[in-house]
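Here is a short report to read beside the structure. Look at the overall fold, then the interface, then a few backbone details.

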Amino acid sequence: MTGTWPGRVLPVVAVLAVLAAAWQAAALAVANPRLLPTPGRVVEQAWAQRDVLAQHTTATLGVTAAGFAVSVAVAWALALLVDQVPALGRGLVPVLVASQTVPVVAVAPLVVLWFGFGLAPKVLVVTLVTFFPLVVGLVEGLRAAGPSATALLASMGASRWQELRWVRLPGALPRFFTALRIAVTYAVVGAVFAEYVGAVQGLGTYMNMQRAAFRTDLVLAAVGLCALVSVTLYAATWALERLVVPWAHPRAVRRG
Amino acid sequence: MADVLRVHDVHVTRPGARGALPVLGGVDLRVARGELVAVVGPSGCGKSTLLAVVAGLLRPDRGRVLVDGGEVTGPGRVALMPQDDLLLAWHTVLDNVGLGLRVQGVRRREARARARDVLDELGLAASADARPDELSGGMRQRVALARTVLQGRDVVLLDEPFGALDALTRLDAQRWLAATWAAHRWSGLLVTHDVGEAVTLADRVVRLSGRPAAVAQEVVVDDPRPRTPGVPDQRLTRTVLAGLGVGPGGADVPDTPDERASVAVPDEPASGSVRGGRGPAVPDEPASGSVRGGRGPAVPDEPARAGAGREGG
């Protein structure tokens, strides 16, 4: 990252301020808080409901974490399989791509129908919407080392496993983390959607209930919390990436 | 002196777009202990294939490779220094240098100790704890050589070791390699495009013909050491260049007595504009490998390729 701390934060604050001002102006023009509450009212009502909101947010975070963990595990397994058994990869990759064309909107209610209102259907939906970028990032990452690195390791007498361990796995990490950052934002959306379709708690459920009660302000408050959770998780993966693969962000410029 | 490496009548055919393509057509080579033999040849003549065979990565269709009298049937007998340095970005220089030992099953602590020793010997101790991205291109190649020799093999294969360096860095790296090699007397093959580099570094220069490659010429470099990188022995250089179809009678190489730059074997027709002319131009593309422009003779491409391609094939 370049720039100083205020240099990075100020533009974000400015954009948010402009958006909030536009919202405020629109809300005053509409003059109907049930239709479009002002930002101030949303914040105020969110604060009043903070205990309930915190409870639902925790539930959503749990679903997201569980689903994302399963997704990462599945992605590693599939990517290694595709990488190590090329024939299987040729058969599997088209199926994986096709799986992404299935509309989650249509499948999520079925998943709830099949697996009930517990954790399982939500974890499944989160996995469905997040594993694909992870698999693609990992497969490409595992190939990133290239044939000359393979030749070098082979010339040293390395086994396939040694090549994987010494060169290809670490080489795959930068792309894995890029994919992780993209996928983690989908994960929150996936969890909220699964809750929306059918659950007893979580931000998705909460939005559904408040929408039915015409509490637009509380729906928007929940939306804001979703965004906050996504941004936080994104920042967390970013920090994890700096910690695990510091070498992917060179400190010095390579000379001559 | 006994030969530490013998390449005996090696034939390799590789599948091509239009059927089988003979790449090596009976290559014979020998490297005595402590000898550095340079292999030059027209671009695409099969130098890399030859290295792959010697490294045990590719089985020849016919012929044998012997290291220390034992036949090479797979990798692990010789150490390869590839064209790109291929240093692993996630390891320090120390761990990169020790990689070959780790692959051989040496424990990390011992691999590090031995890597530190070899870095000391080669004058690279100050870089031991740096990460590869903190090093210059010239330093990365030196570290790659340290990684290669630490594997403790009988033969070292250098595949265009300085091909990616700019002209000045390249001369510096050659000077360093010459001094280091003189001190350690490893045995090896040096594949290069640069006849000047071959003549200043090697004990013998072997020129391969175009495809299918065979040894077309062998020149013993009797130029006494120390030699000056960048100022190759003109008589030997011309002999090899003439064989490649470049030089008096072959193409337009200026006959000025004070030719100073090393003369590059032309690479790709596309890269072939004559640079620098005869003026004191500074080479402008660091990545373009061989020494161009400068004060010396720029080598025109087309006639050279035509001549080299026909001969001995």
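## Chain A overall

This is a predicted model. Chain A has 10 helices and 0 strands. Along the sequence, the pattern reads α-α-α-α-α-α-α-α-α-α.

The C-alpha trace of chain A spans about 75 × 50 × 30 Å along its principal axes. Chain A has 256 residues, and 34% of them count as buried. Take the contacts in chain A between residues at least 6 apart in sequence: 75% of these join residues at least 24 apart.

## Where the chains meet

Chain B touches chain A through 25 residues, which are in contact with 21 residues of chain A. On the chain B side, α3 (99–103) and α5 (137–150) each supply at least two residues. The most comes from α3(B), with 3 residues. By class, this side of chain B has 12 nonpolar, 8 polar and 5 charged residues.

## Backbone details

Most residues other than glycine have a negative phi, and most peptide bonds are trans. Three places depart from these habits.

A:Phe214 has a positive phi, near 60 degrees. This residue is found in the loop between α9 (203–212) and α10 (216–244) of chain A. Is A:Phe214 buried or exposed? A:Phe214 is exposed, because only 12 or fewer neighbours are needed for that label and A:Phe214 has 11 other C-beta atoms within 10 Å.

B:Asp68 also has a positive phi, of about 55 degrees. Its loop runs between β4 (62–67) and β5 (70–71) of chain B. B:Asp68 has 16 C-beta neighbours inside 10 Å, so it counts as partly exposed.

The peptide bond from B:Arg211 to B:Pro212 is cis, with omega near -10 degrees. B:Pro212 sits in the loop between β9 (204–208) and β10 (215–220) of chain B.

Definitions and conventions:
Residues numbered from 1 in each chain as written. Chains lettered and ligands numbered in written order. Predicted model: local features only at pLDDT ≥ 70, side-chain atom pairs only at ≥ 80, totals over all residues. Helix = DSSP H or I, 4+ residues; strand = E, 2+ residues; numbered from the N terminus. Buried ≥ 20, exposed ≤ 12 C-beta atoms within 10 Å, placed from the backbone. Contact = placed C-beta atoms within 7 Å. Nonpolar A, V, L, I, M, F, W, Y, C, P; charged D, E, K, R; others polar.
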